[in-house]
Amino acid sequence: MPQANRSWAGAIPTILTHEKLDLLCRPSPHPNKDIGVTPDISPLERFLGCVYMRRQLYRNIQSDDTLQLLNSNEPGVVLFKVDGMQCQVTLNQVHMQSLHMKIAPLPPPPTPDGKQPFQLSPEDFLVLEQFFDTRVAAPPYRPNSLHGFSRVLSCAPQVLKDFVQIMRLEMKPELGGDQLKWTVQFCTRVPPSAAPIVPIGNAGVHIVRLKILFFLQITRIPYNGKEWKDSPSLVLPMVYDLNSNLTQLAEKREQPQSPGAIAASTLLRRFSEYGVPHGQCSLFPAVRDLLTNLQLPNDVPPPNQAIGPPVGPMVGSSPNPIMHSPMQQMGGPVGPPQVGPGYQQMPQNPGPQ
């Protein structure tokens, strides 16, 4: 590969033999074994994809008020900071076919009450780094995935912590133990099977007026000898309200819902009635409860699996309008993030109004 980290790399041609050119253009497995199953593409395509994503990240930082671009003395390095952390994105210098993020904590700003502000742990930073390396800046190199991930980084620390918990569960589903009945995938882009709330392929995270819209894809873990290909899968548009600390399913009255979405919405409303301890973000606890207790109307669990009370019979209930349609409260079309950091404590969940 040309030395892309040198400013003069494009000025001096690199002579290649036919064999080397064929090797660069021939599809091959990704050198980073941690990246999931992706179609084999050529090393040259991976190199160009990484350069493109790095440039797109630079543009995202410039257009996002919550991310601050920093000067770097190293060519080809994107350096920026966000509330509580400093991020550095570099091209792999061994094979130049992957991007890598490194995150370092920043000293927290003083708070008016003198208390120690909430901060992420080193393990949380590691999860963000791994998720970026293997899910965001990876084939097929979609810039909107990068945009969605950038919006996650701009969330309040306690909300970001819960997003990290979801990412950790996606990359290491065994951490959920035997209690979870569904696997989860955090969608940085809007999947094709998602409800028509945001155009397909757009960034999967949107922040508007103290509400965060994000998408999860959950898949039923097989049981009784079933195979993964037979497992039902749901794409759930979720809304977290920073003001009320409620996590709900995004719904539109004029759109018919599938039985799975109705069951998920009912379960989330039931969870909100019990709430979470004061000062705790409800986002991940609500998602974990969903992965543990969601039961579809036609799903018959094996005797040794305690999925929890069925939610099917409650489908016909008439929920409170505030709980029914959180998307209608977002106050306008989905747009770029307008919520910056600084939410040090989540309000107590008041339950349905």
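This is a short talk on one protein model, going from the overall fold to its largest pocket and then to a few backbone details.

Please keep in mind that the model is predicted. The protein has 353 residues, and 49% of them count as buried. Its secondary structure comes to eight helices and nine strands. As for how the chain packs against itself, take the contacts between residues at least 6 apart in sequence: 62% of those join residues at least 24 apart. The exposed surface is about 17700 Å², with carbon and sulfur atoms supplying 54% of it.

Now the pocket. The largest one has a volume of about 540 Å³. Its lining is made up of 26 residues. Which of them lie nearest the centre? Those are R135, P139, P140, Q185 and R189. By residue class, the lining divides into 14 nonpolar, eight polar and four charged.

Where does the lining come from? Two domains contribute at least three residues each: domain 1, which covers 23–109 + 118–154, and domain 2, which covers 156–298. In terms of secondary structure, α3, residues 122–136, and β5, residues 182–187, each supply at least two lining residues. The largest share is from α3, with four residues.

Next, the loop between α3 and α4, where α4 is residues 143–153. P140 sits in this loop. The peptide bond leading from P139 to P140 is cis, with omega near 10°. Both of these prolines are among the residues nearest the pocket centre, as I said a moment ago. So much for the prolines.

Y141 is in that loop too, between α3 and α4. Its phi is positive, about 55°, although Y141 is not a glycine. Is Y141 buried or exposed? Its relative accessibility is 9%, and the cut-off for buried is under 20%, so Y141 counts as buried.

There is another positive phi to mention, at R209. Here the angle is about 50°, and again the residue is not a glycine. R209 is found in the loop between β6, residues 205–208, and β7, residues 211–220. Is R209 buried or exposed? Its relative accessible area is 56%, and exposed means over 50%, so R209 is exposed.

To put those two side by side: Y141 has its positive phi in a buried position, whereas R209 has its positive phi in an exposed one.

If you have the structure open, I would start at the cis bond between P139 and P140, then look at R135, Q185 and R189, which are also among the residues nearest the centre of the pocket. That is all from me.

Notes. Residues numbered from 1 in each chain as written. Predicted model: local features only at pLDDT ≥ 70, side-chain atom pairs only at ≥ 80, totals over all residues. Heavy atoms only, no water. Buried < 20%, exposed > 50% of the residue type's maximum accessible area, 1.4 Å probe, protein only. Contact = heavy atoms within 4.5 Å. Areas by Shrake-Rupley, 256 points an atom, 1.4 Å probe, with all protein chains shown as cover. 1 Å grid on protein atoms, 1.4 Å probe; cavity = no way out; pocket = protein on both sides within 12 Å on 5 of 7 lines; lining within 4 Å. Points joined across faces, edges and corners; volume = space filled by probe spheres on them. Nonpolar A, V, L, I, M, F, W, Y, C, P; charged D, E, K, R; others polar. Domains from an automatic or database assignment.
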